[in-house]
Each structure stands twice: as C-alpha cells, then as structure tokens.
Amino acid sequence: MLSARDRRDRHPEEGVVAELQGFAVDKAFLTSHKGILLETELYYQRFDRINWPCLDFLRCVSAIIIFLVVSFAAVTSRDGAAIAAFVFGIILVSIFAYDAFKIYRTEMAPGASQGDQQ
C-alpha cells in the first residue's frame, strides 16, 4: 500500500495505471480450459434474440444428414470396417433423430407451451 506522501510524489497518470492493472484481462486464463468453458457458458446469454431450441434442432438435423451420407458412402466398399462404420453411423443417426424429436416436442411444437399450462 502506498502512503499519502508516495502518492503525492508520483505523477497522476502513474497512479491510475498502477490501480487499473488489477483489472487487466488475464490472457493466460482466457486460453486455459476453465476460461474457455466459462466463456462458452456465458456465450448463449449474450444473444437473447436467438432461438436456441431451433438452433439445437437444426444441429441435430444437420448431424443426421452428415452421418447418413458418410455411412452410406462407407458401406460401398463392403469391407469389414466399412460395415462396422455403417452400423455405428446408423446408431448415431437414430440417437440424433431421437434428440431432434424430443427437442421438437418439448420446445418447438405448436401446443408445447399450452399443454404445460393445463
């Protein structure tokens, strides 16, 4: 802590800069795993006009399309590993389809909010 005499002897700009250094952004923390996680958790709160359930639904639909295309492309080689990749892709497609269905039913269906009130 600086005494009153030390504060008087310094230039005013030096005191302000020294006091603001405590509020500087720690770039090492922002690039750490915990910093990235905290930034991600706060990301959706900044954009309150975005329909997040709709974006989640579209994410599921795009994943379904991508996995279907890749699965059917993999099975054309008729190799043992390609067939296993096809089966794994179909399992993922079914999981994403179920997730998209649940999102649509709970968040986006026309009567979803009315059914909860009754």
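Contact means that heavy atoms lie within 4.5 Å. The structure is a predicted model, in which local features need pLDDT of at least 70 and side-chain atom pairs count only at pLDDT 80 or more, while totals for chains, interfaces and linings use all residues. Residues are numbered from 1 along each chain as its sequence is written, and side-chain values use heavy atoms, with hydrogens and water left out.

**Exercise 1. Compare the span of helices H5 and H6 with the expected span.**

Step 1. Helices (H or I, at least four residues) are DSSP runs, numbered from the N terminus. The expected span of a helix is 1.5 Å times one less than its number of residues.

Step 2. H5 has 24 residues and should span 34 Å; its end C-alpha atoms are 35 Å apart, which agrees.

Step 3. For the 29 residues of H6, 42 Å is expected, and the distance from the first C-alpha to the last is 40 Å, which is close.

**Exercise 2. State which residues of H5 and H6 are buried, and what they pack against.**

Step 1. A residue is buried under 20% relative accessible area, exposed over 50%, and partly exposed in between (1.4 Å probe, protein chains only).

Step 2. In H5 the buried residues are Cys60, Ala63, Ile64 and Ser71. In H6 they are Ala82, Gly89, Leu92, Val93, Phe96, Ala100 and Ile103.

Step 3. The buried residues of H6 pack against H5, and the cover over the buried residues of H5 includes H6.

Step 4. Take Ser71 as an example. Ser71 lies in H5 and has a relative accessible area of 3%, so it is buried. Apart from neighbours within four places in sequence, Ser71 is in contact with Ala85, Phe86, Gly89 and Ile90.

Step 5. For contrast, take Arg78, in the loop between H5 and H6. Its relative accessible area is 71%, so Arg78 is exposed. Arg78 also has a positive phi of about 55°, although it is not a glycine.

**Exercise 3. Classify the aromatic pair of Phe67 and Phe96.**

Step 1. Rings of Phe, Tyr and Trp (its six-membered ring) pair if their centres lie within 6.5 Å; planes under 30 degrees apart count as stacked, over 60 as edge-to-face and the rest as tilted.

Step 2. This rule gives three aromatic pairs. In one of them, Phe67 and Phe96 have their centres 5.9 Å apart and 20° between the planes, and the pair is stacked.

Step 3. Phe67 is in H5 (residues 52-75) and Phe96 in H6 (residues 80-108), so the pair links distant parts of the chain, 29 residues apart.

Step 4. Phe67 has 28% relative accessibility and therefore counts as partly exposed.

**Exercise 4. Describe the salt bridges of Arg59.**

Step 1. A salt bridge is a side-chain nitrogen of Lys or Arg within 4 Å of a carboxyl oxygen of Asp or Glu. The structure holds two salt bridges.

Step 2. Between Arg59 and Asp56, the closest N and O atoms are 2.6 Å apart. These residues are three apart in H5, which means about one helical turn between them.

Step 3. Between Arg59 and Asp99, the closest N and O atoms are 3.4 Å apart. Arg59 lies in H5 and Asp99 in H6, so this pair ties together parts 40 residues apart in sequence.

Step 4. Asp56, Arg59 and Asp99 are thus linked in a network of salt bridges. Relative accessibility is 39% for Arg59, 28% for Asp56 and 27% for Asp99.

Note on methods:
Helix = DSSP H or I, 4+ residues; strand = E, 2+ residues; numbered from the N terminus.
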